[in-house]
Amino acid sequence: MMIKLVEIHKIYKDENQGFLALKDINLDFTDDHFVCILGKSGSGKTTLLNIIGGLDEPSSGHMVINGELTTKFTPIQWDYFRNYKIGFIFQNYSLIEHLTVLDNVKLAVKLQGISDIEAKKRALDMLDRVGIIDQKDKLPLKLSGGQRQRVAIARALVNDPEVILADEPTGNLDKKTAKEIMDLLKEFSKEKLIIMVTHNKRLANIYADRIIELKDGSVISDTKAYLNEKVLIKTPERLKTTFRLIDKIKLSLKNIRMKKWRSLLIAFGLAIGIASFILLDGISHGIKTNLENNRLNIISEPDLRFYITKETFDDLDKTIDEYIAELLNHKGISDVRYNREMYYSKVIEVKGEQLLNIYSNISYPFTDKENLIGKPYADGHWPNNDNEIMISYSLAQDIYNNKNLEILWNKLKGATIKIATEYYYQIPYEIYEPYTTSCAIYPFVDENTPPTGYDSERFGDYSEQLQKQKDYYGKYITDDVNNIYLCSNYDAFNNYRSELVKTSREFTIVGINENKQLNEDYVTKNVYMNWNNEVLKRYVFDIYLSNYGKNNSLEIKRTFSDIARVEDVFVFDILDSIHIEVLLGIAQFIISLILIISVVTAGLMLIMLLSISVIERSREIGILRSLGATKNDIFSIFISESAVIGFMAGIIGVILSIVVSLIGNLFIRHQYGDILTTSFNNPNINLIITRPLAYVIAVFICIVLAMLFGFIPAIRASRKTPINALKKL
């Protein structure tokens, strides 16, 4: 390599004063030989070495390297030059303390984008060559001065540079070790140009092929001056180093490992915010999921209800099954139930014990969609035979006044229950009115003797009259003074049933509905259809709409309105409940505050950590720059470190959120089981349901936030010049 210095001056400015470190330096270096630059402290020898190596730049003058004018070099070309062409050996070794001997040497190779396997091979070969391979896995602090300098020499030589620049390489060594290092450098000078700065004339005289002496920044002697008067200047090549991202991340990881507790503390602070985000999503998702499940589980109410008068239905000349089949042909209708409106059927007794004021709503499992009808508890089952019934939780609870489903099932499993199937009618007030034309009042004698003046032509046979009254009302229509009221047409008064049971039926309880929101007691369809509860006055059909039907309900109403009176069925949707939304909003607000505070606090701590790290690692930055790392490489290393801390925080946040959600769900179940039962029909639900997608998003957000917080410190680190970084300025 040919290096030519022309009129090099270097001035260091300090406020309004200036110090001339180098003046009028004209030197040429070429061929493979050992050059020593002698001088006392402050003579400018280290400054000259830094300018040759591109760590510092002259205030004026030019340097030409292999015909390329360095004043035309871009920062990236300087980085390439330092990595491929120059090897530095510093007086204080300048090893990165948290990297092993092998990693320190490998680092110079990895800046060229070489794979880890190849970099390791080259580093081991060079460590073997300098006689330090047995120490390859140790950290620099575990080595002696001579061993550390051998590592520095191996790192300087591993890329096979053309020039080795050594700054007082024996300054901190004892005589024996210094001799070993000088012998090693002398051996390498047979292959490369070595320019060494020293103040030791004895060493220079023994080992140097050429001695240049400086005094007060000027060359005062040169034992083997070499001047190339004519230099052909050419355009510098556009070359650059290639430090792989994976190697930057590995370097960041090793630095984090050295400061693991401080890094973990920062990561934990950020993790609290990320865990808050996951829990916020988990609470919102959990509540909405359980509310939606609850809504689906109580969707026994239909979307529409068709009311058809008996006369209109008779005119259709169709059976109930035929009409249902016709309705199901419409694409907007997914299911139809014939509704006999059997509400409040009286429960007479259970296990032979008489019951008072307990009622049952009778239905049948008309569909295979379990979410419409619930689910049998434990080993219970749906009714398969006409003598079987599956009762609701509410009926079971009313029978024994107990809320524990397990206890209720143990008591009622296989029990006999008697339910009223038909009632007598109430005796209407109109019968007692004297102006009622269809009725008359007579003195009552007895069941076998017609009253005096009884109009048999109007009222028919007297015994038949009494039988009709018993059939309709379960008793005779008499008053307090022993008068009896007789009517020619009792059907006109049969509008309301009484509480007096006419007929009943016994069933065996084969199940309790696990869904506590449903209050129907299920029998077989055959029993339901033949239940004699009252005189039929109208036909009612429950209509369940398909998705198409729900979007076009008006069309369905118009289609069937000529036959049926169509009504919407109101189903209370707890999702629309204002108090749930308000409570959820309050919870979200509180957790959001925790999230913001923790993220901002952790972010400020991360900025502070990385800013301190920039100061602490200034020499490391300088070493990397001297090895050929670009500004972008330095920026990427610090950003990678932020990203790694962000990733750690994300993982900690995910683990933290899982633990908190598990503990939180257990606490909520234990403390608020009754409320869960009332609101969600299940005391064992998970109110906090965290989602895997939220984990992924949270980790991603955490990494992005950490990188944003690390942006300013990374910029500061990348802007440090090599020489200032090495000097920790």
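In this predicted model, the buried residues of helix α15 pack against four elements: β17 (416-425), α14 (456-459), β19 (483-487) and β20 (497-512). The residues in question are Tyr462, Gln465, Leu466, Gln469 and Tyr473. Around the helix axis they cover an arc of only 95 degrees, which places them on the same side of α15. The spacing of such positions follows from helix geometry: with 3.6 residues a turn, residues three or four places apart in an α-helix point the same way.

The length of α15 can be checked as well. The helix runs over residues 462-473, and at 1.5 Å a residue its 12 residues should span 16 Å; the end C-alpha atoms are 16 Å apart, so the expected and modelled spans agree. After the helix comes Gly474, which has a positive phi, near 75 degrees.

Positive phi values also occur in residues other than glycine. Tyr93 is not a glycine, yet its phi is positive at about 75 degrees. This residue sits in the loop that runs between β6 (86-89) and α3 (101-110). With a relative accessible area of 9%, Tyr93 is buried, because the cut-off for that class is under 20%. Glu168 is another such case, with a positive phi near 50 degrees in a residue other than glycine. Its place is the loop between β7 (163-167) and α6 (175-188). Glu168 also counts as buried, at 8% relative accessibility.

Strand β19, one of the elements against which the buried residues of α15 pack, also carries one end of a disulfide. The count for the model is 1 disulfide. Its partners are Cys439 and Cys487, whose sulfur atoms are 2.0 Å apart. The torsion about their S-S bond is about 100 degrees, so the disulfide is right-handed. The bond links distant parts of the chain: Cys439 belongs to strand β18 (residues 439-443) and Cys487 to strand β19, with their positions 48 residues apart in numbering. Both Cys439 and Cys487 are buried. Two further cysteines can be placed by their accessibility. Cys36 is buried, with a relative accessible area of 0%, and Cys702 is likewise buried, with a value of 0%.

Charged side chains give another set of contacts. In general, side chains of opposite charge can pair when their charged atoms come close. By the criterion used here, the model contains 33 salt bridges. One of these joins Asp125 and Lys121, with a distance of 3.6 Å from N to O. Both residues lie in helix α4 (residues 116-129), where they are 4 residues apart, about one turn of the helix. Asp125 is partly exposed, its relative accessible area being 45%.

A second salt bridge connects the side chains of Lys190 and Glu187, at 3.4 Å from N to O. Lys190 is exposed, with a relative accessible area of 63%, whereas Glu187 counts as partly exposed at 42%. A third is formed by Asp247 and Arg244, at 3.1 Å from N to O. Here Asp247 counts as buried, at 3% relative accessibility, while Arg244 is partly exposed at 29%. This pair belongs to a network, in which salt bridges with shared partners join Asp103, Lys106, Lys110, Asp116, Arg244, Asp247 and Lys254.

The protein as a whole gives the setting for these local features. It has 25 helices and 23 strands. Of its 729 residues, 50% count as buried. Among contacts between residues at least 6 apart in sequence, 78% join residues at least 24 apart. The accessible surface comes to about 35,800 Å², and carbon and sulfur atoms account for 54% of that area.

Note on methods. Residues numbered from 1 in each chain as written. Predicted model: local features only at pLDDT ≥ 70, side-chain atom pairs only at ≥ 80, totals over all residues. Heavy atoms only, no water. Helix = DSSP H or I, 4+ residues; strand = E, 2+ residues; numbered from the N terminus. Expected span 1.5 Å × (residues − 1). Buried < 20%, exposed > 50% of the residue type's maximum accessible area, 1.4 Å probe, protein only. Arc of directions from axis to C-beta. Contact = heavy atoms within 4.5 Å. Disulfide = S-S within 2.5 Å. Salt bridge = Lys/Arg side-chain N within 4 Å of Asp/Glu carboxyl O. Areas by Shrake-Rupley, 256 points an atom, 1.4 Å probe, with all protein chains shown as cover.
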